[in-house]
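Dear colleague,

Please find the structure below, together with its sequence. An account of what was found in it follows, and I would be grateful if you read the two side by side.

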Amino acid sequence: ASMKSGIVVGLCLLAAHGSADIAIVATSGAIGEWLRHLQFELPYMSLPGPVIDIKSGSCTGLTIGAIQTTMGGTLQQPEILQMLTGVRLSCLVSMNDDTTVNFGMNNTVLQHRVAIQPWLTSDPGVSLPLGTVEVIDCSASMDLEYLDFAGQTIMSPMLETMHNTIRRVVEEEAPKIACKQISGYIAEQTTQVLSDQARKLEPLLGARPPLFFPEALVELANWSIYPPVQVLRQMIAERPTAMKFLIGLANPLNIPQYLVSVNQTIVTSVGTTEWGCLVDFVYVEGLDSMHSGSFWLDGHGSIISTGAAFEHVSVTIGMEVSLDFLSGPVQAKSTLRERLNMTLDMQSLSLALDVLAMVSKPAIDALYVDQIQQPHCIAGCAESATKHWNESLGLWVLDTNMTPSLNVAFRPGTLEAQLAASVDTVVGAAVQGYLPAVKALIEGAVQVQREQLSQAMWGSIKSLPPCGPTTVYLGPGAIITNLLLWGGLGILALGILQAARPLSDRSGRKTKIDANPYEECRKGSDIDGLYAKSIEMQGMPSSRSIDSSCGVDRGVLAEHPCVPQAALTLFSYVVVSAIVLFLYADVSLATSINFVFTYGEYTQTIGPALAFSVVIIAIDSFEAGAYLIAACIAVLSIAWPFVKLITLLIAWRAPADVLSHSSRERLLMFLDEYGKWSLIDTWLGILALACYKLAWHSSSGEASFVVDPVPEIPFFMFVFASILTLVLGHIASGYHRLAAEWDLGPCKSYVAEHEENRRLLEYMEFGTARRLIVGIVATTYVVLAGAFVTSFQMVESGALATLMLNEPDKVASYSLIGLGQALTKGKSGDIGLRMVQLIFFTFALFIPLALQGALLALCVLPLSHSRQLLLFDMCRALDAWAAFDVFATAVTVSHLEFGLFSSFLMHYNNLAQGCR
């Protein structure tokens, strides 16, 4: 700054004002406009020649056409050659006899060469480019465009007469005087400024970190045994290619930055200058040039150490700089404010750093996965760890090695671009010759400027969004969750107790369940006559015609005599219990995905990383654009169970004039056949469990990282409620058929029954029987073979998959059997996953196979008619429970839209901040 000020003061002596190219001025931007409004106070001087003594004066209107800077000398003693062309300035001066002179110059050229000696420090191996400044050479040329005299003195006429002589003298002698003034000014003032800066920088050389850490107030996380850090350490060491790829994904990197302000005042013997800069962004490029295998990470106590080597990295700092002359011969009309980007290019960069991270272990262990991704939350765990809240985090030690160069870019403008190039040249030459000093200064600045760096870091953290409560879905709350769970189970238990109460009556009296209501109805009535009459009139008696003799209305299925009191009581309780349990399973956390880190004997679980409930999956699927998944879950898994239960209750309690016998039969058959489709959510959940089940184990077996899907209680309660619903459907259907048979009971004496054991195939034609047997056997083979044939693939992608899996392992092929086996892979002792596996195999494989076996037995075994009916009912029940087709539908839906759903979860769920 002092050197530039000296040049400007010297230019005043070369005064320029005239018809330079306006286009250059127009593209000069803020700096050019600011220069034009500078005012330079001229000191007393005496020019050679006839009576020209300048008493005082000032110059304005400075413009510079071009600036060119080149370097020479050696690396340790660089020489700066700077040339300014197209300089203009206009001046008004007063002479000793009160004569005023107005003169201006145009197309002025100023060239000077400056050498900078090294500043020797206490370290013999380190010197700074801030020593004595010497002007080796200076030359100038100018054109005096105009020269006017004014004043009522005796000298005025004579000066006008000597105008041409004076003009020639000024053009010849002024450049010499200017160079003399500039040389002395630069040599003296710049040396003073550089020496002052050297004294300030020298303490940075050899600075060391404090001997002791700040005082801890709580139990701290020990990074040397903290599982996530140590697992990541070994994973980085064993998967260098994956780490290089992942770090490259961060390129380019925008570093969150709050406004950092730096101000400095420079005082010299000729005046005071103040400059400042306001940093508002930091932009890093070149992370993808990291050398594979160079990145490492480790932890020791409260220190986290890391390092890497890069081929080329550039750091661009956006800032607003300001410059003002507070006192001295140069006065500014206003403060110069200019935006510039400063880019530090670092070739062959290697760095290693120790970061102090005194973090409260209880606090960080209590964070949820979305909070761990927020710097403010981590900082909050550190604030409470030390006596002074801002001492717990910071850069402790920095070790660097690089070949740097600096590039400065102002806002667009000719002068600004040339000035930036000049700065680049000067700084580049100084840096190249003093690389050990640059390295030592950077590393020492970390120690000496620890407080300022801490302030900047905490300011940046505080500028980020505050750490709020977790957004991880954990259900509707403990009170509502427990109320729904225990309320549903309590209603079921109460129903069982109510149904069992008559069974505890041991007085010898016939209870309603023990009594035969048909026999009770027959007493005192000619029921056989009624049946015969009814048969004669309409071929088959109705329930109401039979019951009229007893005064019992059997149009309501629940009130039919064949329905025992226990079933009548229990049915409604089970319906209500199933509704409450479905509601509990829909809104509560059904499945969670945890991150489990294991290092030696230490284990750390972070989760849930992903959390699912039935309702949340439907909402997330819809927002992700996976409308088919959303529709399947919303309609089949949420709405359909409630519709089925309410419909079952209507069929159970509706009188005949509301729901006829045939309508009830069709309704119950429909509910039996399609009730299983509520399990589609369970099958989608099982597919998700397999999809997110990733694991990595170190080659030594000391460390492991597992993405662990965990089925929660609501998952099993959904299956349990679905089973209750299926059972209720079978109970209603069974009693409906039993009621129909009951109503036909008196007619059995008129109907010939075939009670002898016969095969069902005997009632069929030979061709039909053969086709039926072949169809059953073929279906059995297809179901069994299909269970072992690879049916679908899951392709893993993203950061975790890249870090944990080799390329061939990212594609997993599954059959039905393989999917079931994958559920417990690596966790064979997990009871929850074993239960999920059992549920899956039972509904998707065992029951479909059992159905074919039962159908085959029904066809080929010689059975009585009643046993055939019983086995047929069993086949219908197995068909209602066989969910092989539901699984196939879930796979198809997943194939179409699971990618959309997974991408949405990564970008908008609990891992959103880290994935973005």
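**Strands, helices and contacts**

Strand E18 (residues 591–599) and strand E21 (residues 703–711) are paired in the antiparallel sense, with nine bridges between them. Within this pair, Ile-593 has Pro-709 in E21 as its bridge partner. Please keep in mind throughout that the model is predicted.

E18 and E21 belong to an open sheet of four strands, whose order is E19-E18-E21-E20 and whose pairing is antiparallel. Which strands stand at the edges of this sheet? They are strand E19 (602–612) and strand E20 (694–697); each has a single partner strand, so one side of each is left without a neighbour in the sheet. On average, and with direction ignored, neighbouring strands of this sheet are turned by 20° against each other. A helix also meets this sheet: H6 (residues 227–238) lies across E18, E19, E20 and E21, and runs at about 75° to E18. When you look at any of these strands, it may help to recall that in a regular strand the side chains alternate between the two faces of the sheet.

A further set of strands deserves your attention. Strand E5 (residues 78–95) and strand E6 (residues 100–116) run antiparallel and are joined by 13 bridges. One pair of bridge partners here is Gln-82 and His-112, the latter in E6. E6 also pairs with strand E9 (residues 133–150), again in the antiparallel sense, over 15 bridges. In that pairing, the bridge partner of Phe-103 is Leu-147 in E9. E6 contains Asn-107 as well. What is the sign of phi at Asn-107? Its phi is positive, at about 55°, although Asn-107 is not a glycine.

**Helices that pack together**

Helix H23 (residues 713–743) may be examined with two partners. With helix H18 (residues 565–587), the axes come within 9 Å and cross at roughly 150°. Are H18 and H23 roughly parallel or roughly antiparallel? Angles over 145 degrees count as roughly antiparallel, and H18 and H23 are therefore roughly antiparallel to each other. Their crossing is left-handed. By class, the residues of this contact comprise 20 nonpolar, two polar and one charged.

With helix H20 (residues 627–653), H23 packs at an angle of about 30°, and the axes are 10 Å apart. Angles under 35 degrees count as roughly parallel, and H20 and H23 are therefore described as roughly parallel to each other. H20 passes H23 in a left-handed crossing. On the H20 side, the residues that meet H23 are Ser-637, Lys-644, Leu-645, Leu-648 and Trp-652. On the H23 side, they include Phe-718, Thr-725, Leu-726 and Tyr-735. This contact of H20 with H23 divides into eight nonpolar, three polar and one charged residues.

Another pair is formed by helix H27 (residues 831–860) and helix H28 (residues 865–881), which pack at an angle of about 155° with their axes 9 Å apart. That angle makes H27 roughly antiparallel to H28. The crossing in which H27 passes H28 is left-handed. Among the residues of H27 in this contact are Phe-843, Ile-847, Leu-851 and Leu-858, and H28 contributes residues including Leu-871, Phe-872, Cys-875 and Trp-881. Sorted by class, the contact of H27 with H28 has 13 nonpolar, one polar and one charged residues.

**A salt bridge and a cis peptide bond**

How many salt bridges does a search of the whole structure find? The search finds 12 salt bridges. One salt bridge in the model links Asp-196 and Arg-199, whose closest N and O atoms are 3.2 Å apart. Asp-196 and Arg-199 are three residues apart in helix H5 (residues 163–201), so about one helical turn separates them.

Finally, please look at the peptide bond from Asn-251 to Pro-252, which is cis, with omega near -5°. Pro-252 has its place in the loop between helix H7 (240–249) and strand E10 (253–255).

Yours sincerely,

A colleague

Definitions and conventions:
Residues numbered from 1 in each chain as written. Predicted model: local features only at pLDDT ≥ 70, side-chain atom pairs only at ≥ 80, totals over all residues. Heavy atoms only, no water. Axes fitted to C-alpha atoms, helices over the stretch in contact; angles between N-to-C directions. Helix = DSSP H or I, 4+ residues; strand = E, 2+ residues; numbered from the N terminus. Parallel < 35°, antiparallel > 145°, perpendicular 65-115°, else oblique. Left-handed = near helix turned anticlockwise from the far one by under 90°. Contact = heavy atoms within 4.5 Å. Nonpolar A, V, L, I, M, F, W, Y, C, P; charged D, E, K, R; others polar. Pairing = 2+ DSSP bridges. Salt bridge = Lys/Arg side-chain N within 4 Å of Asp/Glu carboxyl O.
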